[in-house]
Amino acid sequence: NNNQGPAVEIVNDLGRFQNITQNSEAVIVDFFSYSCGPCMNIKPVYEKIAKDYKQKCPQIKFISVDTQKAPLIAGQFGIKAIPTFVSFYKG
């Protein structure tokens, strides 16, 4: 059942991040911080989109990376401002 679990997974572990992005057909990543006002404003919209797509197109994974807790992941992609959205297609 595609409705199991949250539509957006928070991923702050580099190994888990790499596993998801390398082994999923498509991934949308939201780089955010809880202390970022615009990030918190867009969060419900991102979660709604993720929930809708989870049912329609379950091969697309939606994840969020907290840049405060995962600076190595953010740095790897040159994230300088948040919110920033990055998409991965087949790795």
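Visitor: Which residues form one aromatic cluster in this model?

Guide: The cluster is made of Phe 17, Phe 31, Phe 77 and Phe 88. Keep in mind that the model is predicted. The structure holds eight aromatic pairs.

Visitor: Why is the pair of Phe 31 and Phe 77 called tilted?

Guide: A pair of aromatic rings is described by the distance of the centres and the angle of the planes. For Phe 31 and Phe 77 the values are 6.2 Å centre to centre and 45° between the planes. Centres must lie within 6.5 Å, and planes under 30 degrees apart would be stacked, over 60 edge-to-face. An angle of 45° fits neither of those classes, so the pair is tilted.

Visitor: What makes you say that this pair ties together separate parts?

Guide: Phe 31 belongs to strand β2, residues 26–32, while Phe 77 sits in the loop between α3 (71–76) and β4 (84–89). These parts are 46 residues apart in sequence, so the pair ties them together.

Visitor: Are Phe 31 and Phe 77 buried or exposed?

Guide: Phe 31 has a relative accessible area of 0%. Buried means under 20%, so Phe 31 is buried. Phe 77 has 33%. Exposed needs over 50%, so Phe 77 is partly exposed.

Visitor: How do you know what kind of pair Tyr 46 and Phe 85 form?

Guide: Their ring centres are 5.4 Å apart and the planes stand at 50°, so this pair is tilted too. Tyr 46 is in helix α2 (residues 37–56) and Phe 85 in strand β4, with their positions 39 residues apart in the chain. Tyr 46 counts as buried at 6% relative accessibility, whereas Phe 85, at 40%, counts as partly exposed.

Visitor: Why is β2 described as largely enclosed by the rest of the structure?

Guide: Six of the seven residues of β2 are buried, so the description follows.

Visitor: Which strands pair with β2, and in what sense?

Guide: β2 pairs with strand β3 (residues 60–66) in the parallel sense, over seven bridges. One of the bridge partners is Ile 60 in β3, which faces Ala 26. With β4, the pairing of β2 is antiparallel, over six bridges. There, Val 27 has Phe 88 as its bridge partner. At least two bridges are required, so both β3 and β4 qualify as partners of β2. In addition, β2, α2 and β3 make a right-handed β-α-β unit.

Visitor: What makes the largest nonpolar core a core?

Guide: Its members are buried nonpolar residues joined through side-chain atoms within 4.5 Å. This core has 13 residues, and those with the most contacts inside it include Phe 17, Val 27, Phe 31 and Ile 73. The elements giving two or more residues are α1 (14–23), β2, β3 and α3. β2 supplies the largest share, three residues. A second, separate core has seven residues, among them Ala 26, Tyr 46, Cys 57 and Phe 62. In soluble globular proteins, nonpolar side chains tend to be buried together.

Visitor: How do you know that Ile 73 is buried?

Guide: Its relative accessibility is 1%, and the limit for buried is under 20%. Ile 73 is found in helix α3. Beyond four places in sequence, Ile 73 touches Val 11, Asn 12, Asp 13, Leu 14, Phe 17, Phe 31 and Val 65. Ile 73 and Asn 12 are 61 residues apart in sequence, and their C-alpha atoms are 7.8 Å apart in space.

Visitor: Is Ser 64 buried or exposed?

Guide: Ser 64 counts as buried, at 5% relative accessibility. Ser 64 lies in strand β3. Leaving aside neighbours within four places in sequence, its contacts include Val 8, Asp 30, Phe 32 and Tyr 46.

Visitor: Why are Cys 36 and Cys 39 called a disulfide?

Guide: A disulfide is a covalent bond between the sulfur atoms of two cysteines. The sulfur atoms of Cys 36 and Cys 39 are 2.4 Å apart. The cut-off is within 2.5 Å, so Cys 36 and Cys 39 meet it. The count by this rule comes to one disulfide. Both Cys 36 and Cys 39 are buried.

Visitor: What makes this disulfide right-handed?

Guide: The torsion about the S-S bond of Cys 36 and Cys 39 is about 80°, so the disulfide is right-handed.

Technical notes:
Residues are numbered from 1 along each chain as its sequence is written. This is a predicted model: local features need pLDDT of at least 70, side-chain atom pairs count only at pLDDT 80 or more; totals for chains, interfaces and linings use all residues. Side-chain values use heavy atoms; hydrogens and water are left out. Rings of Phe, Tyr and Trp (its six-membered ring) pair if their centres lie within 6.5 Å; planes under 30 degrees apart count as stacked, over 60 as edge-to-face and the rest as tilted. Helices (H or I, at least four residues) and strands (E, at least two) are DSSP runs, numbered from the N terminus. Buried means under 20% relative accessible area, exposed over 50%, partly exposed in between (1.4 Å probe, protein chains only). A crossover is right-handed if, with the strands pointing away from the viewer, the path from the first strand over the helix to the second runs clockwise. Contact means heavy atoms within 4.5 Å.
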